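Here are my notes on the model you sent, as numbered points. They deal with charged pairs and one serine.

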Amino acid sequence: MSAPSKQALHGRRVLLVEDEFLVGAMLVDVLEDAGAVVLGPATSIDEGLRMVADDEFDIAVLDWNLSGHRSEPIARALLAREVPFLISTGYGAISDEFAHIPLLNKPYDPDGIVDSLRMLLLP
C-alpha cells in the first residue's frame, strides 16, 4: 500500500469504538492527523450501539473485544446501516459472520490504518 497523504481522510467522520485508553488516544491522534473528525472513542457495547444509532459518520473502526465482550452487536448495527468499517483485534480471529470485513491487527501501523480506511471509502 502506498503512504497515505496527510489529509487522506479530510472531513470524514470516523466512529471509533475502542476500550483501551492509550490505544484510543493514539488512534484519535492518527485519524485527526489524517484530517478526520473522530467520534468517540466509545468504550463499551452499549455506548457503541448508542453512537451507531444516534450519530452521523462515514466509516468506523471497531475493536472486536470490548472489556471481554465481542463487539458483534455493534458490527451488526453497522452492517444494518450500511456503514463501512474495519475490525481491530489483537487476537486475529473473529466470527465467520464477519469474515468479509477487513481486519486491523494490533499493534497498529498508523499509515496502514489511514490507508485501509481510505480504501474502504473509495467508490
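Which residue forms a salt bridge with Asp63?

1. The partner is Lys106, and the closest N and O atoms of the pair are 3.3 Å apart. Asp63 lies in strand S3, while Lys106 sits in the loop between strand S7 (103-105) and helix H4 (110-121), so the salt bridge ties together parts that are 43 residues apart in sequence. Please keep in mind that this is a predicted model.

2. The two ends of that pair are not equally accessible: Asp63 has a relative accessibility of 2% and counts as buried, whereas Lys106, with a relative accessible area of 27%, is partly exposed. The cut-off for buried is under 20%.

3. Asp63 also has a partner for its backbone. The backbone oxygen of Asp63 lies 2.5 Å from a polar atom of the Ser71 side chain. Ser71 is placed in the loop between strand S5 (69-70) and H3. With a relative accessible area of 0%, Ser71 is buried.

4. What else does Ser71 touch, leaving aside its neighbours within four places in sequence? Besides Asp63, Ser71 is in contact with Ile45, Leu62, Trp64, Asn65 and Leu66.

5. A second salt bridge pairs Arg81 with Glu56, with 3.7 Å between the closest N and O atoms. Arg81 belongs to helix H3 (residues 72-81) and Glu56 to the loop between helix H2 (45-54) and strand S3 (59-63), so this pair ties together parts 25 residues apart in sequence. The salt-bridge limit is 4 Å, and 3.7 Å falls within that limit. Arg81 is partly exposed at 30% relative accessibility; Glu56, at 56%, is exposed.

6. Glu97 and Arg76 form another salt bridge, their closest N and O atoms being 2.8 Å apart. This pair links distant parts of the chain, 21 residues apart: Glu97 is in the loop between strand S6 (85-89) and S7, and Arg76 is in helix H3. Both residues count as partly exposed, Glu97 at 40% relative accessibility and Arg76 at 38%.

7. Which residues are joined with Glu97 and Arg76 into one network? They are Arg70 and Glu72, and the joining is through salt bridges that share partners.

8. On the total: the count comes to seven salt bridges. Those described above include Asp63 with Lys106, Arg81 with Glu56 and Glu97 with Arg76.

Terms used. Residues numbered from 1 in each chain as written. Predicted model: local features only at pLDDT ≥ 70, side-chain atom pairs only at ≥ 80, totals over all residues. Heavy atoms only, no water. Salt bridge = Lys/Arg side-chain N within 4 Å of Asp/Glu carboxyl O. Helix = DSSP H or I, 4+ residues; strand = E, 2+ residues; numbered from the N terminus. Buried < 20%, exposed > 50% of the residue type's maximum accessible area, 1.4 Å probe, protein only. Polar contact = N/O pair within 3.5 Å; in protein donor to acceptor, adjacent residues only side chain to side chain. Contact = heavy atoms within 4.5 Å.
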